[in-house]
Amino acid sequence: MQQSPTGVQQQQVGLQQPNQPQLQQQPQQLQQQPQLQQQQYGKQTSGLQPSGIQSTQPKLQQEQGLESSQLSQQLKCPLGYGSDSFTSKEVSKQFGKIPGVIEQNEINRQNIITRQTGCPIGHVKDSLTSGSQGPLCVQDLDLLEKLQHFNTEKIPPRNVHALGTGAYGTFTVTNDISKYTCADLFNQVGKSTQFITRFSGIFTEVGDPETTRDPRGFAIKFYTKEGNWDLLGINTPVFAVRDAKAGPDQVHAFKRDPRTGCWNITQTWDYVANHPEGLHQMAMLFTDRTGTPLSYRTMNAYGCHTFSLVNSAKERFWVKFHLVSQQGAFGFNQHEAKLVAGEDPNFLSRDLYQSIEKQNFPRWKMMIQVMPEEEGYKHPWTFDATKVWKHADYPLIEVGTLEVNRNVVDYFTEVEQVAFSPATVVPGIGLSPDKLLQGRLLIYDYTQIHRIGPNFKQLYVNRPHGIEPMNNYLGGNMYIPINDSFPHYTGSAFGGLKPNAKYIDPPFKVTGNCGLYEVPNEGSFEDLYSQVADFWKILPEKDKNNLCDNIAASFFRVTEQRVIDKMLQHFAQCDQQWAQIIQTKLKERREGKWMSESEKVCMNYAQQLLTMTRREAL
Ligand code: HEM
């Protein structure tokens, strides 16, 4: 034993007694020995222990007959309810081992804290100093590594969809759609495929309250037997723009004002007023059920774009994907949403986590709308992401059920690093000429190379599960596999990897001159309003009223009247009465006849603060 600078009795690293495993301590057990605990570890309560400290824990554990896996299952979840029923180890077992990765528990059975290099650590609390008051010694390797790693532990947030949460689930086919597609995951009724999903806000940022008005993402990565398929859904069937070139401008208008760093609703409505193809999505966004969903479980989602399905006879069909919540689709009204935002900014993530822990697994029905290929070339809105296909013309066809049933255990590894892309498709599911979709094909992998790194597809959550990707790609930062194959190029007398012509997609028709086209059906009448008017017409009265309330509350904060005037003209083009109701509600607010408590507090203080001189108290 040696005396450490802090006076804690320590064994030297390497003198640890064999056969004395130091397994993770349970909060419950710790309560039984608080004195001993504090004497030995200061405030440390659980987790990895430095190797120099003797623990009485193994004895306790042996007495209770607990295995380490049982212990990890008993750990309380970070949100304070239920118990985690899965560990990363079990998750990786389920999908097969990652080549070259030795699971930690195979080698480190003693739960001793180590450096990244594996070297056991003898003391964790204090830094190595010259004398008790003295400066740090650079040779404190534990300190150096700890700080270096800490300083690099964040990666850039997603540019949009930054705020979100994730979970795993199972997709099960309930209806035979093999006449439309040969995709492996759909080829048999009853067949199940695992997936990971990420729910997100679009413009909200990490740390924002999750009940802020925002469209939502519902992205799914299906680990199919013929590779991963990503379905990137959002909770509106239409998008705000129809050309990828407009995407960054629209996002800029909906995010913070770069001059002040603050949200600026005037710029948002200004964008919509001047890009009315986005009115359709905006109208949906200002309903309660879409803009402020009660739960991620109570929202529908849509693939938005037109994709292709290709069957085994190589026939192509145009398709739109729908995910219909089996919990129903509900939202907070604006006042509830604000209250919940203040009370629990993580409300939506917590709700999802909790429901899964309680085995109350949310479900969605996957439905499709199908359009024959030739008809698609003639239909004006086949490839326009700002328009819907009417259900009466293209009825919903059931495909299967998604059940979200397993929480992640490591948010960073499984949710921050998960990377979706509309370009991640499988045989039997393909693309369309939709130019917004085409524009998105490049950008997702590109942004993920920036956000995560060039080999992001090799990470556990992103790689296919159950099959090994085979290709001749080599190297790059953080390249994981150890390749032992030759030839490492295609077309060689030595053999090697070969393509299979059965996976070639049939061509689709392209006509016209290379040029800059504003709308897909250029030259014909640009109908911006009829679908938005239909949407308004079918809303129940209460929803109509709340929609107008929500828009009026937002207009109240717009600082330029000409923006409001232009927006009112757009609403009037859809329905005069709609514009009229918004105008009346806005007037009432401006006259102070109607304002919520939180708005009053905000307004009053803002006005007082503006007029306050330096010495005046409020
Ligand atoms: C030009 C238009 C668009 C641009 C510029 C754009 C850009 C982006 C970017 C930069 C990300 C973050 C990716 C990451 O870092 O992992 C993202 C995520 C996402 N996008 Fe888009 N996007 C566009 C259109 C759409 C459309 C039309 C949809 C509708 C289906 C969509 C659905 C999603 C979803 C669901 C995510 C979240 C994925 C996740 O949870 O990680 N996006 N988009």
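Trainee: How far does a polar side-chain atom of Arg 158 lie from an oxygen atom of the ligand?

Mentor: First, the ground rules: this is a predicted model, where local features need pLDDT of at least 70, side-chain atom pairs count only at pLDDT 80 or more, and totals for chains, interfaces and linings use all residues. Residues are numbered from 1 along each chain as its sequence is written, and side-chain values use heavy atoms, with hydrogens and water left out. A polar contact is a pair of N or O atoms within 3.5 Å. For Arg 158 and that ligand oxygen, the distance is 2.8 Å.

Trainee: Which side chain has an N or O atom 3.2 Å from a nitrogen atom of the ligand?

Mentor: Don't mix this up with Gln 448, whose side-chain N or O atom sits 2.9 Å from an oxygen atom of the ligand. The pair with a ligand nitrogen, at 3.2 Å, belongs to Arg 440.

Trainee: Which element gives the most to the shell around the ligand?

Mentor: The ligand is surrounded by 23 residues (a heavy atom within 4 Å), split into eleven nonpolar, eight polar and four charged. At least two shell residues each come from strand E5 (216-224), strand E6 (227-234) and helix H16 (435-451); helices (H or I, at least four residues) and strands (E, at least two) are DSSP runs. With seven residues, the top contributor is H16.

Trainee: What is the only protein donor of the iron atom of the ligand?

Mentor: Look in helix H16, where Tyr 444 is found; Tyr 444 is also among the residues closest to the ligand. Donors here are N, O and S atoms within 2.8 Å of the metal (3.2 Å for Na, K and Ca), and with water not among the atoms, a site may look incomplete. At 1.8 Å from the iron, the sole protein donor is Tyr 444 (OH).

Trainee: How many of the eleven residues of helix H13 are buried?

Mentor: Buried means under 20% relative accessible area (1.4 Å probe, protein chains only). Leu 348, Asp 351 and Tyr 353 are among the buried ones, and their cover includes strands E3, E4, E5 and E11, going by contact (heavy atoms within 4.5 Å). H13 is largely enclosed by the rest of the structure because its buried residues number eight.

Trainee: What is the mean pLDDT of the protein chain?

Mentor: pLDDT is the predictor's confidence in each residue, from 0 to 100. 81% of the residues reach 70 or more, and the chain's mean is 85.

Methods
A polar contact is a pair of N or O atoms within 3.5 Å; within protein, one must be able to donate a hydrogen and the other to accept it, and residues adjacent in sequence count only if both atoms are side-chain atoms. Ala, Val, Leu, Ile, Met, Phe, Trp, Tyr, Cys and Pro count as nonpolar, Asp, Glu, Lys and Arg as charged, and the others, Gly among them, as polar. Buried means under 20% relative accessible area, exposed over 50%, partly exposed in between (1.4 Å probe, protein chains only).
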